[in-house]
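Visitor: I would like to learn how to read a sheet. Please take me through one.

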Amino acid sequence: MSCRVFYLSLLALSLTACGSVNNKQAQGSFAYQYKPEANALVIPANLNKPKQAQDFFVSDKINHQGPIGEDMDIRAPSLVMPVAASSRVVDESTVAIIWFDKVLEDKDLLEFIEKVVIEKLVEDKITYNYIEEDVEVTLSKVIEGATSLKETSIKREGIKTAIIESDWYHNEVDVGWIYTDIQFSKSLRFRYQLLAKPHGRSVSLRVSLVDFLQTDETGGSKSMDPIDKQRAEKAMLNELIAAVDYNYRLQQRSDRLTRANQKLVTIGQNIEEEAGYVVEMGLDDLWDNMPLFFEKHGFTISDLNEDKKIYYVDFVKPDSSVWDSIWGQDVPVIDVNDANYQFVLAPLDELNQKTAVTIYNAAGEPLPLATLERIFPVFEQGLSFRNVF
């Protein structure tokens, strides 16, 4: 039992040692900062001064008031990562700000980004408030992060804004085994400023740290190191950018599923009230794509009349082998007789969004409704062109 306690004690000590490493400063000795400046080389008057190359000369005319040794922050600068589609950063800006350009045409961009921010706060179980602020003040704050005339030339008329402030984000570090104490506590509160340009196709999102409170063994503090503040703002902004990208992908997947499940082909009638198929596609687009359908389902085009939108085709039922099913290349077979047919296409509405496809046999008679219903599963899939586009 004593050995087990001893090993657990060693493990606790090792974890404490690892946790005490400060990733802000370099590891090793900082004795260099106490070294005196070397004296210049003195050349006796009776000797020639040696030639000195200036290629690697380091001047001593530097800022001696800056941090050195343990006070030097060696971390790489934080960056805003524009991983979401059509997102861009303001060049050389130290402000945590990003611009989104419109990706989803059927969504209001400002509302979409605002919804992502709210969902992120809800997911983090953080309450929030909307802040009323003058549009001119908000615009000036956004422009603080701009470095180019292109970004500062936002027209004040017609712009839309949304400002949200979060409640406290808490981060605590406990120590102890049986009885725990809070060794370190950090609390942050953020402001999210959204601004949409008058045309609504570009929206900026800026994250600002508005409140900070830290408590550790040295006491409490309400001020934050400027580098840590910038890193906290950009880390939060990067989380939101990733959330925007994720929501883009969800919406695009939903749109693809909607299109895939949409009934683009139904059984109906042409303007002469003859039975046929109704396709949710413009006349010209369907006319151009019909050869793909014919080629895949055993039809051979023998003639056509482009003015009257008529395809004259010969049908021979395709042979399917066991190898087609193994390799996934078998195509559903249309259950009609080998014969000559006419496919007549005609518009059904003034907006040219629906097209009637009437199939006539060699005698010029439209296929009966019973036949259209029997072969509908193959035609519904084929004339939707789901496996093509």
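Guide: What follows is a short walk through one sheet and the helices that lie across it, in a predicted model.

Visitor: How do strands of a sheet pair?

Guide: Strands of a sheet pair through backbone hydrogen bonds, in either a parallel or an antiparallel sense. Here the sheet is open and has 6 strands, in the order S9-S10-S14-S13-S12-S11, and the pairing is antiparallel. The edge strands, each paired on one side only, are S9 (265-269) and S11. On average, neighbouring strands are turned by 30° against each other, with direction ignored.

Visitor: Over how many bridges do S11 and S12 pair?

Guide: S11 (residues 299-305) and S12 (residues 310-315) pair over 6 bridges, in the antiparallel sense. Ile301 has Val313 in S12 as its bridge partner, and Leu304 stands opposite Tyr311 in S12.

Visitor: What do S11 and S12 form, and what is found in the turn?

Guide: The two strands form a hairpin, with 4 residues between them. In the turn, Lys309 has a positive phi of about 55°.

Visitor: How are side chains arranged in a regular strand?

Guide: They alternate between the two faces of the sheet.

Visitor: Which strands does helix H6 lie across, and which does H8?

Guide: Helix H6 (residues 283-296) lies across S10 (275-279), S11, S12, S13 (340-347) and S14 (355-360). Helix H6 runs at about 155° to S13. Helix H8 (residues 369-384) lies across S9, S10, S13 and S14, and runs at about 140° to S9.

How values were computed: Residues are numbered from 1 along each chain as its sequence is written. This is a predicted model: local features need pLDDT of at least 70, side-chain atom pairs count only at pLDDT 80 or more; totals for chains, interfaces and linings use all residues. Side-chain values use heavy atoms; hydrogens and water are left out. Two strands pair if DSSP finds at least two bridges between them. Axes are lines fitted to C-alpha atoms, for helices over the stretch in contact, and angles run from 0 to 180 degrees between N-to-C directions. Contact means heavy atoms within 4.5 Å.
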